[in-house]
Amino acid sequence: MSSNQSVKVLVTRDIPQIGVDLLRKEGYDVTVMGYDKPLTADELLQAAKKADALLCLGSNKIDEVFLHECKHLQVISQFAVGYDNINVPVATKLGIPVGNTPEVLSDATADIAFGLMIAVSRKFFYLHNTISKGEWGFFQPKKNLGIELKNKTLGVFGLGRIGTEMARRCKGAYHMTVIYHSRNRNVQAEKELNAKWVSFDELLQQSDVLSVHSVLSEETKGIFNKAAFGKMKPSAIFINTSRGGVHNEADLIDALTTKTIWGAGLDVTNPEPMQKDNPLLFMENAAVLPHIGSGTVEARNAMSQLAAENIIAFYKTGTMKNCLNPEVLLRK
Ligand code: DGY
């Protein structure tokens with residue numbers, strides 16, 4: 001680019017102002033869209049055709065067709081750590097660097113996983129609803145009982161940054177034993193948390209709480225299905241705060257209905273948003289949240305800042321703070 005003045009940045013949703021201000025401070029021509037609701041695929045395409053840089057969200061489908069239509073884009077910066085909405089291999093072929101926002105939302109998301117675990121173990125959401133339905137009866141010594149978490153085994157599927165934060169919380173609060181299954185060994189967590197790598201089947205069989213923190217990929221899509229739930233303990237709690245596509249929802253509902261597992265806590269569903277009559281919303285042993293893992297003031301501000309800084313660093317130095325396809329930067 002000859003001058004910052006000519007860098008046109010499209011921001012696809014009304015994100016915390018800090019990132020927009022940083023981009024404007026650089027002199028970029030910043031257009032923020034999607035104030036009331038996410039852009040449709042066509043609105044996104046038309047707006048992106050006029051942009052040099054795209055700051056997008058997980059709800060924007062940046063697929064092969066979009067990327068071929070918008071191969072002029074110089075940089076894409078995702079306001080999220082997850083990037084299953086972006087076809088990164090195609091972006092790489094087209095020479096478009098893609099950034100994301102890891103680390104800054106790990107605490108916020110782990111808090112939601114940890115909170116859901118407790119909510120499910122003590123049936124928070126279901127019991128809350130009984131009060132609003134006028135069903136708060138007398139003290140019933142054998143009813144509405146939860147299960148305790150102390151000294152139980154936490155199984156983490158995908159022990160990256162968020163999974164590690166979840167494991168730290170479970171170990172610190174409940175002295176839980178940590179086992180995990182990941183593509184790669186996490187030597188640091190093994191040292192710090194005495195975490196033990198196990199096979200996928202061992203993870204299913206041994207976990208009292210199984211918390212999903214993996215990416216959504218061809219390998220992980222629907223991996224928590226009927227067969228997987230069938231291998232878990234009847235007392236096990238399943239938590240998913242990563243992507244709804246990692247579990248098969250019909251199989252999960254069946255596992256909860258037949259008491260194959262104790263309960264489930266979800267911050268992510270498939271599709272999103274979940275329909276208001278979804279059976280999971282009415283089950284005693286389920287707790288569902290509307291994808292709020294990164295939803296704290298601190299995390300969202302930091303995501304906004306980092307997403308903007310990725311774009312700024314690209315134009316100023318040819319690098320990015322977090323790049324998913326750094327080989328593209330080397331080629332530039
Ligand atoms: C992420 O950052 O991936 C969160 O799920 C928000 O989309």
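**Exercise 1. Is threonine 92 buried or exposed?**

Before starting, note that this is a predicted model, where local features need pLDDT of at least 70, side-chain atom pairs count only at pLDDT 80 or more, and totals for chains, interfaces and linings use all residues. Residues are numbered from 1 along each chain as its sequence is written, and side-chain values use heavy atoms, with hydrogens and water left out.

Step 1: get the cut-offs straight. Buried is under 20% relative accessible area, exposed is over 50%, and partly exposed is in between (1.4 Å probe, protein chains only).

Step 2: apply them. Threonine 92 has 11% relative accessibility, so this residue counts as buried.

Step 3: place the residue. Threonine 92 sits in helix H4, residues 88–93. Helices (H or I, at least four residues) and strands (E, at least two) are DSSP runs, numbered from the N terminus.

Step 4: look for partners. Setting aside neighbours within four places in sequence, threonine 92 touches Asn325, Glu327, Val328 and Arg331. Contact here means heavy atoms within 4.5 Å.

**Exercise 2. Work out what helix H2 packs against.**

Step 1: pick out the buried positions. In H2 (residues 41–48) these are Leu44, Leu45, Ala47 and Ala48.

Step 2: follow their contacts. The buried residues of H2 pack against strand S1 (8–11), strand S3 (53–56) and helix H3 (64–69).

**Exercise 3. Count the disulfides, then explain the case of cysteine 56.**

Step 1: set the rule. A disulfide is a pair of cysteine sulfur atoms within 2.5 Å.

Step 2: count. That rule gives 0 disulfides.

Step 3: check cysteine 56. The closest cysteine sulfur belongs to cysteine 70 and is 11 Å away, so the two are too far apart for a bond.

Step 4: add accessibility. Cysteine 56 is buried because its relative accessibility is 0%, and cysteine 170 is buried at 0% too.

**Exercise 4. Describe the surroundings of the ligand.**

Step 1: list the shell. Around the ligand you'll find Ala80, Val81, Gly82, Leu105, Arg243, His291 and Ser294. To make the list, a residue needs a heavy atom within 4 Å of the ligand.

Step 2: sort by class. The shell has 3 nonpolar, 3 polar and 1 charged residues. Ala, Val, Leu, Ile, Met, Phe, Trp, Tyr, Cys and Pro count as nonpolar, Asp, Glu, Lys and Arg as charged, and the others, Gly among them, as polar.

Step 3: go through the oxygen distances. A backbone N or O atom of glycine 82 is 2.8 Å from a ligand oxygen. For arginine 243, a side-chain N or O atom lies 2.8 Å from a ligand oxygen. For histidine 291, the side-chain N or O atom is 2.7 Å from an oxygen of the ligand.

Step 4: check the cover. On its own the ligand has 230 Å² of accessible area, and the protein covers 83% of that. The areas come from the Shrake-Rupley method with a 1.4 Å probe; for residues, only the protein chains shown count as cover.

**Exercise 5. Find the backbone oddities and place them.**

Step 1: recall the background. Most residues other than glycine have a negative phi, and most peptide bonds are trans.

Step 2: find the cis bonds. One joins asparagine 270 and proline 271, with omega about 10 degrees. Another runs from glutamate 272 to proline 273, with omega near -5 degrees. Proline 271 lies in the loop between strand S11 (263–266) and strand S12 (286–288).

Step 3: find positive phi. Lysine 123 has a phi of about 60 degrees, and asparagine 194 one of about 55 degrees. Lysine 123 is buried at 12% relative accessibility, whereas asparagine 194 is exposed at 62%.

Key: A polar contact is a pair of N or O atoms within 3.5 Å; within protein, one must be able to donate a hydrogen and the other to accept it, and residues adjacent in sequence count only if both atoms are side-chain atoms.
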